[in-house]
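Colleague: I'm new to this one, so could you walk me through it? I'll ask short questions and you can take your time.

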Amino acid sequence: MLRPLSIAAAGTGVTALVLLACSGTFEPATAIFENPGQAQSSDGPTLTPQVSGTTERFFSVSPVNDRVVWASAGGGTFAVTTDGGDTWLSRVVPGAEGLQFRDVQGVTEKIAYLLSAGEGSNNRIYKTRDGGATWTLEFQAGPDPRNFYDCFDFWTPDRGITFADGQDGRFPVIRTKDGKTWEDIGDLLPVAQPGEAGFAASGTCVTTQAGDRAWIGTGGGAQARILSTTDGGNSWSSHNVPGITQGTATSGVVSVDFRDRFHGILGGGDVVASTEPQDNVARSADGGATWTLTTSTPFPGAVYGLSYVPGQLRRTVVATGPGGAAWSPDEGDTWSVLSGIANCWSVGFASRKAGWLVCGDGGIVKVSFAGN
């Protein structure tokens with residue numbers, strides 16, 4: 001069963017409406033930035049607010065490299081930069097003005113995919129091959145209002161997987177092998193628990209790794225889980241995630257990332273309790289088979305998005321949500337607040353010097369760690 005159309009989530013004096021495994025509308029929400037361009041500590045990152053060209057709420061971000069980054073937003077909007085964020089181009093996909101693009105996958109400065117989430121046929125996948133000048137509709141769900149596609153990720157420019165909420169004990173997951181057509185592989189996945197779903201908060205409820213590995217985080221059911229594959233989605237394993245706040249329609253795993261085939265981290269919690277401290281981060285050292293709680297983030301509420309920082313800082317993680325943002329140098333053992341930031345839902349990195357937080361009210365913040 002779908003959850004309510006919209007759920008209020010308050011954090012740091014900022015109220016946002018989060019669409020979670022259902023359709024709904026958003027009110028404008030303001031991201032908070034203070035001390036732009038200032039390092040947070042002697043070894044912390046420098047935060048640099050950037051001008052996106054839109055006031056739509058951003059949901060997801062996909063850095064291709066240090067210069068090329070794609071972001072997705074409400075109102076059928078996407079944004080792209082080809083100069084590391086010095087300038088951004090924001091546009092609306094024709095015919096998609098009423099859609100919320102909950103996920104984006106950047107491939108090159110010319111090629112990208114967008115995933116919209118909503119009820120029935122509002123779930124769509126678009127692809128551009130000319131830098132966003134034109135878009136091709138690759139997939140559109142049927143009219144069943146239970147259809148809801150939360151997130152996607154890609155192994156290669158032409159091989160990807162899209163996760164969807166459970167229906168009648170089945171996840172109607174779709175996969176592409178050619179970057180053009182999508183097939184339903186739901187019969188290959190474990191049985192869905194009643195109410196089990198993904199959270200379309202940041203486009204990070206699924207992550208892939210070069211080759212054929214993928215991990216999906218779920219919530220909404222009695223038990224939060226990680227579903228994993230090592231063969232491109234042909235077979236799957238199910239792993240419970242104890243400890244993290246879960247067990248209700250609005251709680252569970254929201255975001256997951258892996259730095260190698262063994263070591264991963266996830267974030268989540270109760271997405272409507274953004275002013276309450278929660279058990280909201282866990283990590284794995286065995287490919288996602290078992291999970292152990294870390295120290296909770298210093299900001300309250302659920303973690304909507306988190307990401308490892310690549311390269312020499314590979315154990316460094318940045319986490320974000322309505323209640324704030326923070327970074328950890330040791331995969332969640334200790335955390336430092338990114339002061340002055342709230343209402344940013346997703347984060348992604350191309351390198352230690354090139355990461356981006358995307359936020360409400362069209363906010364984008366570049367995150368740069370020092371080092372050689």
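Colleague: Let's start with a turn in the chain: how many residues does the hairpin use to join strand 4 to strand 5?

Modeller: Keep in mind that this is a predicted model. Strand 4 and strand 5 (residues 69–73) pair in the antiparallel sense over 5 bridges, and one of those facing pairs is V61 with A71 in strand 5. The hairpin that joins strand 4 to strand 5 runs through 5 residues.

Colleague: And how many residues of strand 4 are buried?

Modeller: A residue counts as buried when its relative accessible area is under 20%. Strand 4 is largely enclosed by the rest of the structure, because the buried count covers 6 of the 6 residues.

Colleague: Zooming out, how many helices and how many strands does the protein chain have?

Modeller: The protein chain has 372 residues, and buried ones make up 61% of them. As for contacts between residues at least 6 apart in sequence, 51% join residues at least 24 apart. The secondary structure count is 0 helices and 30 strands.

Colleague: Over which residues is the pLDDT below 50?

Modeller: Overall, the mean pLDDT of the protein chain is 91, with 88% of residues at 70 or more. The stretch with pLDDT below 50 still has 96 contacts in the model beyond near neighbours in sequence. That stretch is residues 1–29.

Colleague: Which strands stand at the edges of the open sheet with the order 20-21-22-23?

Modeller: This open sheet has 4 strands with antiparallel pairing. Each edge strand has a single partner strand, so one side of each is left without a neighbour in the sheet; the two are strand 20 (251–258) and strand 23 (292–293).

Colleague: Staying there, which residue of strand 21 stands opposite F258?

Modeller: Strand 20 pairs with strand 21 (residues 264–270) in the antiparallel sense, over 7 bridges. Opposite F258, in strand 21, is G264.

Colleague: What about pockets: which residues are closest to the centre of the largest pocket?

Modeller: The largest pocket has a volume of about 940 Å³. Its lining has 20 nonpolar, 15 polar and 5 charged residues. Strands that each supply at least two lining residues include strand 4 (58–63), strand 12 (149–156) and strand 20. Of the 40 lining residues, the closest to the centre are D153, T207, T208, D257 and F349.

Colleague: Which residues does E276 touch, leaving aside those up to four places away in sequence?

Modeller: E276 sits in the loop between strand 21 and strand 22 (281–284), and is partly exposed because its relative accessible area is 47%. F299 is 23 residues away from E276 in sequence, yet their C-alpha atoms are 8.9 Å apart. The residues E276 touches are P300 and G301.

Colleague: Last one, about two loop residues with positive phi: is D168 buried or exposed, and is E331 buried or exposed?

Modeller: Most residues other than glycine have a negative phi. D168, in the loop between strand 13 (159–164) and strand 14 (174–176), has a positive phi of about 50°, while E331, in the loop between strand 26 (324–328) and strand 27 (336–337), has a phi near 55°. The cut-offs are under 20% for buried and over 50% for exposed. D168 has 70% relative accessibility, so it is exposed; E331 has a relative accessible area of 4%, so it is buried.

Conventions: Residues are numbered from 1 along each chain as its sequence is written. This is a predicted model: local features need pLDDT of at least 70, side-chain atom pairs count only at pLDDT 80 or more; totals for chains, interfaces and linings use all residues. Side-chain values use heavy atoms; hydrogens and water are left out. Two strands pair if DSSP finds at least two bridges between them. pLDDT is the predictor's confidence in each residue, from 0 to 100. Contact means heavy atoms within 4.5 Å. On a 1 Å grid over the protein atoms alone, a cavity is a set of points where a 1.4 Å probe fits but cannot get out, and a pocket is an open set with protein on both sides within 12 Å along at least five of seven lines; lining residues have an atom within 4 Å of a point. Grid points are joined across faces, edges and corners, and a volume is the space filled by probe spheres set on the points. Ala, Val, Leu, Ile, Met, Phe, Trp, Tyr, Cys and Pro count as nonpolar, Asp, Glu, Lys and Arg as charged, and the others, Gly among them, as polar. Buried means under 20% relative accessible area, exposed over 50%, partly exposed in between (1.4 Å probe, protein chains only).
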